[in-house]
Amino acid sequence: MADSEVVAVRLRAVRKEFGDVVAVDGVDLDVRDGEFMTLLGPSGSGKTTVLRMIAGFELPTAGTVELAGVDVTRRAPFERDVNTVFQDYALFPHMSVLDNIAYGLRVKKVGRKERTARALEALESVRLGGYGARKPAQLSGGQRQRVALARALVNRPRVLLLDEPLGALDLKLREQMQVELKAIQRQVGITFLFVTHDQEEALTMSDRIAVFSGGRIEQVGSPAEVYEKPATPFVAGFVGTSNLLVDRVAEQVLGRTGTWSVRPEKIRIAAPDAVPGPGEDGAPGTVREVVYVGSATRFLVDLDAGATLVALRQNQQTSSMDVQDVRGARVLLVWAKEHEFEVRTPAADTPLP
């Protein structure tokens with residue numbers, strides 16, 4: 001990170017133990033001012049515990065938490081310039097939408113006129129102008145989530161922490177809210193730190209992603225970097241679907257050892273007697289399974305070399321009936337050499353780039 005870039009959140013050697021359990025194990029992370037950073041990982045990977053330590057709900061066992069260059073490691077939550085949005089909204093059912101949003105300002109003893117003006121402004125920022133008089137029960141799940149977001153934004157925090165805020169929504173609404181959240185973040189210019197276990201959600205919304213596993217960060221990078229160039233086998237397997245060619249199989253197929261990743265959409269299925277072109281590699285195999293998913297079809301192919309690869313083909317002119325006969329067929333999988341990426345397993349003390 002360039003020295004000229006302002007760091008909104010800085011974590012250094014942050015560790016959290018719950019008895020004998022190490023939930024977070026030496027995390028270093030810089031979150032730039034005004035960016036949308038996502039903490040991505042499976043359940044139990046430490047991402048939510050990191051968020052709670054930034055918020056002040058948990059104290060680190062070791063390490064430091066800085067906000068805008070100020071050490072807040074031992075400060076109470078109300079002494080930190082952050083707000084948190086949770087999955088369950090936590091709205092007051094007896095209050096109107098406007099009163100819910102203005103509640104935090106009332107606690108801070110902001111005058112009624114300014115309180116109302118700022119609450120209305122926050123309501124507009126989440127595209128709910130005109131909904132101020134309604135009660136939470138009169139809103140949809142997506143609207144209630146936007147009210148919870150407005151309630152956090154009205155305090156004008158430097159950093160907004162979002163703990164799986166879309167987890168309770170159905171798929172279609174969740175996808176709509178992903179677009180909404182990113183648009184709101186661009187509009188207000190506040191640093192968003194977003195926790196999710198959903199890889200597609202992270203890839204859709206983030207400026208950068210920190211991938212967590214076992215209480216440590218495996219990789220930090222843009223969505224394209226994390227997806228196209230996974231730093232570790234875990235990242236390759238967790239972020240999207242990846243094919244790994246390892247050691248003996250890699251040597252047979254690619255002519256070199258190590259661990260190599262090829263994404264399914266980079267692979268095309270050719271006839272068994274086809275020949276890879278210049279700059280391409282290929283591997284013969286047998287189609288074990290065909291999975292039709294509407295817009296695309298996944299082919300699981302058992303390679304003669306011993307591994308199983310997944311190839312993805314868009315269903316531009318085919319239907320589910322057209323692909324079923326492929327099961328059991330001999331094929332040649334072909335991909336460009338430029339789409340092979342070596343995946344390394346770093347030592348535990350290797351610093352992140």
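The following questions and answers examine cavities, cores, a pocket and a sheet in this predicted model.

Q: What makes the space lined by Val85, Gln145, Leu149, Leu162, Pro165, Leu166, Met177 and Leu181 a cavity?
A: A cavity is a set of grid points where a 1.4 Å probe fits but cannot get out. The search of the whole structure finds 1 such space of 30 Å³ or more, and its volume is about 30 Å³. The eight names count as its lining because each of these residues has an atom within 4 Å of a point. Helix H4 (141-153) and helix H5 (171-188) each supply at least two residues of that lining.

Q: How is the lining of the largest cavity divided into nonpolar, polar and charged residues?
A: There are 7 nonpolar residues, 1 polar residue and no charged residue. Gln145 belongs to this lining; Gln is absent from both the nonpolar and the charged lists, so Gln145 is the polar residue.

Q: Why is the set that includes Ile101, Leu149, Leu153, Leu160, Leu162, Leu181 and Phe192 called a nonpolar core?
A: The term applies because the residues are buried, of nonpolar type, and joined through side-chain atoms within 4.5 Å. This core, the largest, has 35 residues, and the seven named are those with the most contacts inside it. Helix H2 (97-107), helix H3 (112-125), H4, strand E7 (159-163), H5 and strand E8 (191-196) each give two or more residues. H4 gives the most, with 6. A second core of 28 residues, including Val27, Met53, Leu193 and Val195, is separate.

Q: How do you know that Leu160 touches Phe192?
A: Contact requires heavy atoms within 4.5 Å, and Phe192 is among the residues that Leu160 touches, as are Asn83, Val85, Leu149 and Leu153.

Q: What lines the second largest pocket?
A: This pocket has a volume of about 650 Å³. It is lined by 22 residues, of which Phe57, Val82, Asn83, Thr84 and Asn155 are the closest to its centre. The lining divides into 14 nonpolar, 4 polar and 4 charged residues. Strand E6 (82-85) provides the largest share, 4 residues, while H2 and H4 each supply at least two.

Q: What makes strand E11 (243-246) an edge strand?
A: The open sheet has the order E11-E12-E18, with antiparallel pairing. E11 pairs on one side only, as does strand E18 (341-342).

Q: How do you know that E11 and strand E12 (residues 259-262) pair?
A: Pairing requires at least two bridges. Since 4 bridges join E11 to E12, the criterion is met. Val246 stands opposite Thr259 in E12.

Technical notes. Residues are numbered from 1 along each chain as its sequence is written. This is a predicted model: local features need pLDDT of at least 70, side-chain atom pairs count only at pLDDT 80 or more; totals for chains, interfaces and linings use all residues. Side-chain values use heavy atoms; hydrogens and water are left out. On a 1 Å grid over the protein atoms alone, a cavity is a set of points where a 1.4 Å probe fits but cannot get out, and a pocket is an open set with protein on both sides within 12 Å along at least five of seven lines; lining residues have an atom within 4 Å of a point. Grid points are joined across faces, edges and corners, and a volume is the space filled by probe spheres set on the points. Buried means under 20% relative accessible area, exposed over 50%, partly exposed in between (1.4 Å probe, protein chains only). Lists of a residue's contacts leave out its neighbours within four places in sequence.
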